[in-house]
Amino acid sequence: MLKNYMEDAVDSFLPHMLKQYPDICRCELCVEDIKAIALNKLKPAYFVTHEGLLFSKIDEMTTQHKADLTSELTRAIDIVSKNPRHPKQL
Ligand SMILES: [Zn+2]
């Protein structure tokens, strides 16, 4: 099975990033938008899993990957928080 590791990385990084932005909307729509914007910019990191055996790739993530991830998530949070796709107060 082919898997894009970046998706998992975004999923696990985003909650930590959001803690730095206590005032922004974090509804499902905004969070999904943030992920989509960041993932569209990030280089995918595909790997193959065999028969349910999941390799832990977190340790193999390079410093460059982490830096890219942080900067793209910051950019995506900024974009979405300034232009949420719904009225400001839900
Ligand atoms: Zn929202």
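Colleague: Of the contacts in the chain with a separation of 6 or more, what share comes from residues 24 or more positions apart?

Modeller: Good place to start, and please keep in mind that this is a predicted model. Residues 24 or more positions apart supply 84% of those contacts.

Colleague: Which elements does the chain have, and in what order do they run?

Modeller: Read them from the N terminus on, and you get β-α-α-β-α. In total there are three helices and two strands.

Colleague: Could you show me one residue with partners far along the sequence? Which residues does Val-10 contact, leaving aside its neighbours within four places?

Modeller: Val-10 sits in helix H1, which covers residues 5-18. Its contacts beyond those neighbours are Lys-35, Leu-39, Leu-42, Leu-69 and Leu-73. Take Leu-39 as an example: 29 residues separate it from Val-10 in sequence, yet their C-alpha atoms are 7.7 Å apart in space.

Colleague: Is Val-10 buried or exposed?

Modeller: Here the idea is to look at relative accessible area, where buried means under 20%. Val-10 has a value of 0%, so it is buried.

Colleague: What part of the whole chain is buried?

Modeller: Of the 90 residues in the chain, 30% are buried. For the surface as a whole, the accessible area is about 6300 Å², and carbon and sulfur atoms account for 55% of it.

Colleague: Which residues make the nonpolar surface patch?

Modeller: Leu-2, Tyr-46 and Val-48 form it, and the patch measures about 340 Å². Val-48 belongs to strand E2, residues 46-48. With 42% relative accessibility, Val-48 is partly exposed.

Colleague: Now the metal. Which residues are the protein donors of the zinc ion?

Modeller: To read a metal site, start with the donor atoms, then turn to their angles and their spacing in sequence. Three donors are SG atoms, from Cys-25, Cys-27 and Cys-30, and His-86 gives its NE2. These atoms lie 2.1 to 2.3 Å from the zinc ion.

Colleague: What geometry does the site of the zinc ion have?

Modeller: Four donors count as tetrahedral if all angles lie between 85 and 135 degrees. Here the angles among the four donor atoms are 95 to 116°, and the site is therefore tetrahedral.

Colleague: How are the donor residues spaced in sequence?

Modeller: The pattern is C-x1-C-x2-C-x55-H.

Colleague: And which of Cys-25 and Cys-30 is buried, and which is partly exposed?

Modeller: Cys-30 has a relative accessible area of 1%, so it is buried. Cys-25, at 29% relative accessibility, counts as partly exposed.

Terms used:
Residues numbered from 1 in each chain as written. Predicted model: local features only at pLDDT ≥ 70, side-chain atom pairs only at ≥ 80, totals over all residues. Heavy atoms only, no water. Donors = N, O, S within 2.8 Å, 3.2 Å for Na, K, Ca; no water. Tetrahedral: all angles 85-135°; square planar, octahedral: opposite > 155°, others 65-115°. Buried < 20%, exposed > 50% of the residue type's maximum accessible area, 1.4 Å probe, protein only. Patch = residues over 30% accessible without salt bridge, like charges linked within 9 Å, V, L, I, M, F, W, Y side chains within 5 Å. Areas by Shrake-Rupley, 256 points an atom, 1.4 Å probe, with all protein chains shown as cover. Salt bridge = Lys/Arg side-chain N within 4 Å of Asp/Glu carboxyl O. Helix = DSSP H or I, 4+ residues; strand = E, 2+ residues; numbered from the N terminus. Contact = heavy atoms within 4.5 Å.
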